[in-house]
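Good morning, and thank you for coming. Please bring up the sequence and the model on the screen, and I shall take you through several places in turn.

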Amino acid sequence: MDLSQLFSDPVGFVRDLLVQLLASLGLADSAINVILAAIGVVIIASFCLVLPLFLIWFERRVVARMQDRIGPNRVGPQGALQTIADAIKLLIKEDITPIGADKLVYNAAPILSVIAVISMWAVVPFAVNILGTRLNVGALYIISVGSLGTLAIMMGGWSSNNKYALLGAFRTVAQLVSYEAPLLLSLLVPVILARSMDLGTIIEKQEVWFIVAAPVAALIFFATSVAEVGRTPFDLLEAESEIVAGFHIEYTGMKFGMFFVAEFLHAFTVGALTAVLFLGGWRGPGAEAYPLLGVLYFMFKAFAGYFLVILMRAALPRIRIDHMLDLNWKFLVPVSLAAIVLTLLGDKLIQTAGLESEWLRAGLLFLGNLVLVWVVYWFLSASARRMRAEEEGADDHASPGHDDHGASHEAHAVLPGDAGAHAAPAH
Amino acid sequence: MLNEWTFIGLFLLMGAIFPGVPILLNSLILGPKKNNPVKNSPYECGIETVGDTWVQFKVQYYIFALVFVIFDVETIFLFPFAVAFDQVALFMVVEVVIFILILAGGLIYAWRKGALQWV
């Protein structure tokens with residue numbers, strides 16, 4: 001037993017100890033494996049469920065600061081125990097099932113939403129050898145269990161026997177299902193660059209972070225992931241000023257709490273996945289020799305992403321449903337398709353030309369991305385100009401939304417060549 | 001391989017147990033149970049609901065779901081290709097680009113047909 005292994009491979013160290021202990025009890029090898037897996041599952045799952053206690057407090061403090069308030073600061077140091085107090089309050093609330101609700105689906109929905117988020121962490125690598133498990137289809141696994149969350153929201157909205165909840169479920173279909181298309185497309189780009197769906201391999205291949213080689217895909221991945229969480233500016237499914245609370249309107253007590261936990265954990269997972277796929281995960285100086293340092297780097301990057309999600313929530317207003325869908329289908333999907341084509345052709349051409357340097361590849365692809373951004377910008381401004389000319393020609397009223405900012409929003413609706421088919425929206 | 005999926009299976013199981021326990025604790029033991037028909041009626045800002053909740057879907061939602069299915073299935077085909085990227089030659093990449101262009105053609109068709117127009 002070598003103590004230096006404690007630093008180079010802490011999980012392996014503990015595992016070896018446990019294997020010896022269990023073997024001395026006379027257990028079979030397969031039983032030992034299952035027990036070890038169960039211990040790993042309990043550790044990661046408890047991490048995932050304890051983390052939101054901190055995240056909720058953190059987010060409330062940050063949003064409060066953005067809104068010139070103080071936020072929770074009474075329970076515990078700086079209010080850090082506020083969430084625990086809230087959890088206890090939720091535990092002793094009455095559990096109400098509305099009349100006419102589909103009981104089985106109604107009760108299964110909050111559990112499923114937590115399952116969907118927690119299971120993603122089964123394959124997220126915290127450091128070089130600190131991870132749940134290595135799946136060779138990790139990226140697809142993340143997408144598939146992530147879409148279970150959509151199903152949970154739909155189930156909750158549909159089964160509540162409430163019209164507001166049903167409206168929330170309708171919007172879920174429109175929003176979450178739509179945004180899954182560019183999410184999947186932009187996820188393809190790091191998979192191409194790494195030639196692997198295994199998240200561990202994706203990180204190992206990032207000598208140069210993939211955000212350099214694929215900034216457009218990184219942005220699209222981040223934006224669509226935020227939409228998948230249902231966060232502002234994409235919180236149409238629980239828009240409190242329109243449909244009260246959307247899909248979880250009838251949920252009380254801990255069932256509501258579980259939806260809440262799932263949402264916050266999912267928001268953090270967005271940051272974590274962006275870190276894994278585009279920001280090099282646990283990569284950093286000394287991370288391979290000392291995995292615990294890698295965990296630190298990874299958490300720092302994940303929190304940076306999460307912080308950005310919070311800032312977006314605090315700063316941006318809710319987007320209108322037709323703009324939301326236009327942004328998705330007429331902007332994000334075509335641009336992510338273009339990014340895939342660019343990466344496919346660019347990477348293959350660089351490979352065929354025999355340029356093996358990682359930095360050279362990343363630099364060339366970055367230049368390609370710049371060209372892509374410029375072309376997209378040109379398309380948008382051309383169509384914005386055309387739309388403005390059309391609207392000014394159609395009627396003379398100048399609505400205040402039609403400054404540059406409004407025009408760039410409208411621009412998502414129409415690209416050149418679409419002028420005839422697309423009627424200008426009536427204001 | 002089997003071991004990995006055992007882990008995933010255990011994870012899904014644990015993912016159900018962890019939220020299940022506090023929910024059961026709340027609804028069976030700790031929470032008060034003082035139901036009455038008014039409290040259990042669906043919330044609609046104080047007004048009694050009229051008619052059936054489960055109304056017909058707007059057809060628009062189906063169209064978006066259909067376009068999504070097309071994109072999702074087509075994209076799944078690209079993932080194995082991306083994994084085998086080192087083994088394919090340039091002309092195969094061009095073939096896949098043509099495949100993506102056909103996909104984009106489908107998007108443009110849906111666009112021109114007005115399927116992506118929220119009404």
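A:E238 touches A:G168, A:G230, A:A245, A:G246, A:F247 and A:H248, leaving aside residues up to four places away in sequence. Please bear in mind throughout that this is a predicted model. A:E238 sits in the loop between helix 10 and helix 11 (240–243) of chain A. Is that residue, A:E238, buried or exposed? With 25 other C-beta atoms within 10 Å, A:E238 is buried, since the cut-off for burial is 20 or more. A:A169 lies 69 residues away from A:E238 along the chain, yet the two C-alpha atoms are separated by 9.4 Å.

Let me turn to the helix that comes before this loop. Helix 10 of chain A covers residues 215–229. Its 15 residues reach 21 Å from the first C-alpha to the last, close to the 21 Å expected at 1.5 Å a residue. Of these 15 residues, 14 are buried, so helix 10 of chain A is largely enclosed by the rest of the structure. Just after helix 10 of chain A comes A:G230, with a positive phi of about 80°. A:G230 is also one of the residues that A:E238 touches.

Positive phi values occur at two further places in chain A that deserve attention. A:R195 is not a glycine, but its phi is positive, at about 55°. This arginine, A:R195, belongs to the loop between helix 7 and helix 8 (199–204) of chain A. It has 16 C-beta neighbours inside 10 Å, and A:R195 therefore counts as partly exposed. A:D68, likewise a residue other than glycine, has a positive phi near 65°. Its place is in the loop between helix 3 and helix 4 (82–91) of chain A. A:D68 is exposed, because 6 other C-beta atoms lie within 10 Å and the limit for exposed is 12 or fewer.

I come next to helix packing within chain A. Two packed helices are described by the angle between their axes and the distance between the axes. How do helix 7 and helix 14 of chain A pack, and at what angle? Helix 7 (residues 163–194) and helix 14 (residues 321–352) of chain A pack at an angle of about 15°, and their axes are 9 Å apart. That angle makes helix 7 of chain A roughly parallel to helix 14 of chain A, because angles under 35 degrees count as such. The crossing of these two helices, helix 7 and helix 14 of chain A, is left-handed. By class, their contact has 19 nonpolar, 6 polar and 2 charged residues.

The second pair is helix 3 and helix 13 (residues 291–315) of chain A, whose axes come within 10 Å and cross at roughly 45°. Helix 3 and helix 13 of chain A are therefore oblique to each other. The crossing of helix 3 and helix 13 of chain A is right-handed. Helix 3 of chain A brings A:E59, A:V62, A:V63 and A:M66 to this contact, and helix 13 of chain A brings A:I310, A:R313 and A:A314. These residues divide into 5 nonpolar, no polar and 2 charged.

Now to the contact between the chains. Chain A gives 70 residues to it and chain B gives 58. Which helices of chain A each supply at least two residues of the side that touches chain B? They are helix 3 (29–66), helix 5 (103–120), helix 7, helix 12 (253–278) and helix 14 of chain A. On this side of chain A, the residues comprise 46 nonpolar, 11 polar and 13 charged.

From chain B, I would single out helix 4 (residues 90–112). At 1.5 Å a residue, its 23 residues should span 33 Å, which agrees with the 32 Å between its end C-alpha atoms. B:V93, B:V96, B:L103, B:L107 and B:W111 are buried in helix 4 of chain B. The buried residues of this helix, helix 4 of chain B, pack against helix 14 of chain A together with helix 3 (59–83) of chain B. Just after helix 4 of chain B, B:G114 takes a positive phi of about 85°.

I close with A:G393, whose place is in helix 15 (residues 358–394) of chain A. A:G393 counts as exposed, because it has 9 C-beta neighbours inside 10 Å. From A:G393 to A:V124 there are 269 residues in sequence and 54 Å in space, C-alpha to C-alpha. Thank you; I would welcome discussion.

Technical notes:
Residues are numbered from 1 along each chain as its sequence is written. Chains are lettered from A and ligands numbered from 1 in the order in which they are written. This is a predicted model: local features need pLDDT of at least 70, side-chain atom pairs count only at pLDDT 80 or more; totals for chains, interfaces and linings use all residues. Axes are lines fitted to C-alpha atoms, for helices over the stretch in contact, and angles run from 0 to 180 degrees between N-to-C directions. Helices (H or I, at least four residues) and strands (E, at least two) are DSSP runs, numbered from the N terminus. Angles under 35 degrees count as roughly parallel, over 145 as roughly antiparallel, 65 to 115 as roughly perpendicular and the rest as oblique. A crossing is left-handed if the near helix is turned anticlockwise from the far one by less than a right angle, and right-handed if clockwise. Ala, Val, Leu, Ile, Met, Phe, Trp, Tyr, Cys and Pro count as nonpolar, Asp, Glu, Lys and Arg as charged, and the others, Gly among them, as polar. Two residues are in contact if their C-beta atoms, placed from the backbone, lie within 7 Å. The expected span of a helix is 1.5 Å times one less than its number of residues.
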